[in-house]
Amino acid sequence: MSRWWTKLGGVLGIIYCLVGLFFVFLGWNGAATYDRISEQFPYLISGGIAGLCLVVIGAALIVTDRNRADRVALQASIAELRDALDRATGGAGGDAGVLPPPAAAPAAASGASSSVPPMDVVVAGEDSFHRVDCRLVEGRDDLARVTRAVAAGRGLTPCRVCSPMSA
């Protein structure tokens, strides 16, 4: 029963369009039998306008039904991608080379007990990576600190302001 309800909008849209086109045909056929314009108006108004309204309503129902079906398919695809991403990063340490943020590990931020040299640490943004002291990421403690090799491996581009590869 649930599947029937999901297809009802598209089916009703097609039926409305067909009935509307039939009304337009009847209006045209009725108006074509008279020579005088004043006698053609009732057919034009009753058949033509009513048929046009039914066609527009039917087209709106079809478009709405397709949008709803596309949204359901997109949500299913996003759920599949999320599951695949969880499976891919959940097991074998997908965050190798990523350092904890400075608030979570104050000793690592100062460089005292970190095995990574402080000059090799960069801040990874969404599309690019920066030196730790870059003015573009100043005050952004939510960004991950990674090594230059990991940032380059992720396909991030070096910042044009701070040039992290030359430091």
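**Group meeting: a walk through one predicted model**

I will start with one contact: a polar atom of the Arg148 side chain lies 3.1 Å from the backbone oxygen of Pro164. This is a predicted model, and the distance is computed from it.

Where does Arg148 sit? The residue is found in helix H4. Is Arg148 buried or exposed? Its relative accessibility is 16%, and buried means under 20%, so Arg148 counts as buried.

Helix H4 also leads to the next topic, the nonpolar cores. The largest of them has seven residues. They are Val122, Ala124, Phe129, Val146, Val150, Ala151 and Leu156. Helix H4, which covers 148-153, supplies at least two residues of this core, and strand E2, at 121-124, also supplies at least two.

Which residues does Ala151 touch, leaving aside those up to four places away in sequence? Val122, Phe129, Val146 and Leu156.

Another core, of six residues, lies apart from that one. Among its members are Val123, Leu143, Cys159 and Cys162.

Now to confidence. For the protein chain the mean pLDDT is 78, with 77% of residues at 70 or more. Where is confidence highest, and where is it lowest? The highest mean, 88, belongs to helix H2, residues 37-90. The lowest, a mean of 43, belongs to helix H3, residues 106-110.

Over residues 104-114, pLDDT stays under 50. For this stretch the model has seven contacts beyond four places in sequence.

To close where I began: Arg148 is in helix H4, and its side chain has a polar atom 3.1 Å from the backbone oxygen of Pro164.

How values were computed. Residues are numbered from 1 along each chain as its sequence is written. This is a predicted model: local features need pLDDT of at least 70, side-chain atom pairs count only at pLDDT 80 or more; totals for chains, interfaces and linings use all residues. Side-chain values use heavy atoms; hydrogens and water are left out. pLDDT is the predictor's confidence in each residue, from 0 to 100. Helices (H or I, at least four residues) and strands (E, at least two) are DSSP runs, numbered from the N terminus. Contact means heavy atoms within 4.5 Å. A nonpolar core is a set of buried Ala, Val, Leu, Ile, Met, Phe, Trp, Tyr and Cys residues joined through side-chain atoms within 4.5 Å. Buried means under 20% relative accessible area, exposed over 50%, partly exposed in between (1.4 Å probe, protein chains only). A polar contact is a pair of N or O atoms within 3.5 Å; within protein, one must be able to donate a hydrogen and the other to accept it, and residues adjacent in sequence count only if both atoms are side-chain atoms.
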